[in-house]
Structures are given as C-alpha cells and as structure tokens.
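Have the model open and your selection tool ready. We'll go stop by stop, picking one thing at a time.

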Amino acid sequence: MNSKFSTRTIVATGLGAAVFFVLFTYVKVPSPIPETSLQTAYGVSSFFAAIFGPLAGFLIAFIGHALSDFIGYGSPWWSWVIASGVAAMITGFAAGKIAPAVEEGEFSTKELSYFLLWVAVANVAAWLVVAPVLDIVMYAEPVKTVFVQGIAAAAMDAIVSGILGSVLLKAYASTKTGKGTLSRDN
Amino acid sequence: MKLKVFSYSRLDTFVHRLSGLSKLVCFLLLTTAIMLTYDIRVILAITVLSFVMIRVAKIQFKQIRLMLIYVGIFLAFNFVLTYLFEPEYGVKIYGTKHLLFTFFGPYTVTLEQLFYQITKLMKYLSVIPLGISFILTTNPSEFASSLNGIGISYRICTALSLTLRYFPDVAQDYNTISLAQQARGIEMSGKAKMTERLKRVASILIPLIMTTMDRIELISNAMDLRGYGKNKKRTWYSRRPLKKADYVSMIVSLLILIGSLYVRFAINHSMFYNPFV
C-alpha cells in the first residue's frame, strides 16, 4: 500500500462493508442468552480491520451497520452504529503488525495473541464505554439498561470477532507465500 | 435469503424529485431535532410530518411491511426492558409520583413512567418514516454523490457506492457457497449447538472472504488503470442540481430543528416536557 488510503483500501472498504452488511442482516447465530444473537459480521469487520487498518475498519462496520439498520428499522440507532465502527477501528490498530505478517503468509501464535489482545481492548472500549455513554447522551436511555446491554454485547462480540477473525486471518495467510519459501531442487 | 426488502422505486413524486443531497440534509436535521428533545408535542408534530412524507412519496404498505414487523418487535422489547430495569425512571425525571397500581415490590405503574415510556416510543417511531421515505426514494448512486455534497471525502463515498453496488453479489455468493457446503453434507439447519453453528458459518465465510479478496484486487486494479484518485475532486454522474423545492425543504427542516431547540431551551428549560407540575 503506497498512500494512507489507497485505491485497494477504498475498494476493500466498499466490499468489506457489503459483506458486513449481508452477514449483519441475514446471518445471525442464536446465542445462549435469549433475544440476542451472535453477530458473525463482527468477525468480518475485525478481519478487514486487521489487514486494512483503522479507517477501513471503522467505515466497514459503520457503513454496514448503518445500512442494515436503515433497511431493518428505517432509521439507524446511531450510538450502536458508532460503537460498531469504533470496535473495528480499535481492532484496526493491530494492522501495523498483523497486515505485513499476514501478507507474508505468517500468522502464528505471536500474531494471534496480538490480534486477540486488540480485539478484547476494542470490544471493551466500544461496548462498555462508547455505546452506553452515547446511549445516555444521545437517547437519554436509563443508565442501568445500557450497561447491562453493553456487558452482553462486549462479551459476545469479542468472542465472535476473536474466533472468526483469527480463523479468517489464518486462512488468508495460508494463501500467501512468504519470502524465501522457494528452494532450489537439487 | 430475501433481499427484496430494499426496493428503491422510481416514481415521480415531490419527494422523489428532491435531490439526494437535500433529502439527506433534511433527514439529518429532523432526526437531530428528534434526538435532542423529549417533548411529546414536538415529537408528535414531526411524526405527523413524517407520515405525510410517506403518503406524498406514495410508499406502499407492502414495501415496508417486513420493516414494520422488525420495528414493532424492537420497540416492544425496548419498552419492556426499560420498564424492567427502571420502573420508576419517570418519577425520577418529572419529580412527582402519581401511582396507578403496583404489580409487586418495586414494579409500580405510575403516570410519570407511562408518560416517559410513551414519549420514548413515539420518539423512536417518529424517525422511522423519515428514514423509510429517504432510503426508498433515493437512487443508490445519487446517495453516494449526496454524501460527497455535504463535504465527505469522495474516497469514502466511492467505498459506499461500491457497497451498494456489490452487496447483492455478495449475498448471491453467500447463497452459492452455502448450497455447495450443504451438497458436501454440512448441515445448515438450526438444530445444532452454538459452537457447531459458528463452525459452519466459518466454513462459508472462508471461501466468501477469499472470493472477496480476489474481487478487491480486480476492482482496485481496474480503478487504478483508469486513474482513480489522481485528483482532489471528482464529479458525479448522478448528482442533480439543487432547485427551489430543495432549498425550501432544507430551510423548513432547519426551522423545525431551531423550533425544537427553542422549545427545549426557552419554554421547557430542560430536555423533558413536564405536564405534572
């Protein structure tokens, strides 16, 4: 990638948001907690964030979630849309180390734990700080409700982003060939 | 997978004739007005306006039926949840207590709580027709150009128009891969456990993401070859010039926002309208 927001990143953002949107709207796995579901889309946003960086990550989750809300509910629930974006954005800070390694076909325990660390930080920050605070500021929701929802969302989304994100990164890395992997046949 | 929900219809009504830019600006102004108020009088006024817009745009009930069902479930869930967590939030806000009856323990039903929750319900309900009449009457590529019109970088707008262009393709890919995996014997029904189902989703996601990554290379190469991103500005094929009706509707929306702020700061002196004192 030559510039900060290259054509490749723009296209990745657009298509990433399309995948996010489709999964977010149609592919939900029911969770053990009633009336909630695991959003597989967060696995995709954390994967793209880890490869294309914070801005792409933010836009993918933000656009995907906002469109999904527009179509599902008529109007986006902005506080959660922004929180989705923030979660992916913070995960994107892992891209500095993860992206070059993955493009070289490398995704070992070191990268995995680094990725999972950022996923955990991202989801805690987004769902325990950003979403509840915005809910209170923008929508004057009762404090208790938003924090209970926040805890559930943080736990479930961290699990989905962590598991699916690392499975996808591993799979993508294995399609790339690293430096110096060719050897001459004698 | 049903993708029929998102059906932009090309009609010739007042709302359709407005440019995407002015519709976006109006939508943002009016939703901000709603967001910043808890006064049921203001909310009801905007609700009436937004239902009028639905009528004017000739949006049919069958286009939005599914959406309304989702919204109904969401609102009912939110209504119950609010009550369960904070049964006396209304009392806290309005400072008085008119007890109607008590279920048990802390679960009292007060006029204040009912008033608060009904206001909140109306608050959510009022923006929905606005969103619907915006999204169903705006051409998707004009939508991207209108975002550029309010000052968002054209690179981000390109990303958005790519999303709108490619999500049906992605959905189709998803279906194809899902069918292929089922043909290989992976069961997709809802019977299995959560971890099993996550595994199955992963078995679809991996090929889907690989296809997407290939497609990203293809599209970005094609765009680079055509010199995309060389200049600081871009023009949009689908941008429509603003007409008198556009300026009028933007000014009206702005006045509504100012009016709602005036009610909040000059009449109520708080976010809430208090009929109890």
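Start by colouring chain B by domain: the assignment gives domain 1 (14–138 + 244–268) and domain 2 (145–225), with bounds that come from an automatic or database domain assignment. This is a predicted model, where local features need pLDDT of at least 70 and side-chain atom pairs count only at pLDDT 80 or more, while totals for chains, interfaces and linings use all residues. To find your way, residues are numbered from 1 along each chain as its sequence is written, and chains are lettered from A and ligands numbered from 1 in the order in which they are written.

Keep both domains of chain B on screen. Their centres, taken over C-alpha atoms, are 33 Å apart. Where they touch, 5 residues of domain 1 of chain B meet 5 residues of domain 2 of chain B; contact here means C-beta atoms, placed from the backbone, within 7 Å. On the domain 1 side, that patch has 3 nonpolar, 2 polar and no charged residues. For the classes, Ala, Val, Leu, Ile, Met, Phe, Trp, Tyr, Cys and Pro count as nonpolar, Asp, Glu, Lys and Arg as charged, and the others, Gly among them, as polar.

Now switch to a cartoon of the whole of chain B. You should find 10 helices and 2 strands, both being DSSP runs numbered from the N terminus (helices H or I, at least four residues; strands E, at least two). Along the sequence they come as α-α-α-α-α-β-β-α-α-α-α-α. Chain B's radius of gyration is 24 Å, well over the 19 Å that the globule rule gives for 277 residues, so chain B is more spread out than a compact globule. That radius is taken over C-alpha atoms, and the rule is 2.2 Å times the number of residues to the power 0.38.

Next, select chain A. It has 7 helices and 2 strands, in the order α-β-β-α-α-α-α-α-α. What does its C-alpha trace span along its principal axes? About 70 × 30 × 25 Å.

Bring both chains back and look at where they meet: 44 residues from chain A and 56 residues from chain B take part. Which helix of chain A gives the most to the side that touches chain B? Helix 1 of chain A does, with 14 residues. By class, this side of chain A has 30 nonpolar, 11 polar and 3 charged residues.

Zoom in on helix 1 (residues 7–26) of chain A and helix 9 (residues 194–225) of chain B, whose axes lie 9 Å apart at an angle of about 140°. The axes are lines fitted to C-alpha atoms, for helices over the stretch in contact, and angles run from 0 to 180 degrees between N-to-C directions. That makes helix 1 of chain A oblique to helix 9 of chain B. (Under 35 degrees is roughly parallel, over 145 roughly antiparallel, 65 to 115 roughly perpendicular, and the rest oblique.) Show side chains for the contact residues, including A:Val11, A:Leu15 and A:Val19 on helix 1 of chain A and B:Ile216, B:Ile219 and B:Met223 on helix 9 of chain B.

Last stop: helix 3 and helix 4 (residues 78–92) of chain A, with axes that come within 7 Å and cross at roughly 155°. That makes helix 3 of chain A roughly antiparallel to helix 4 of chain A. Among the residues to pick are A:Phe58 and A:Phe62 in helix 3 of chain A, and A:Val81 and A:Met89 in helix 4 of chain A.

How values were computed:
Contact = placed C-beta atoms within 7 Å.
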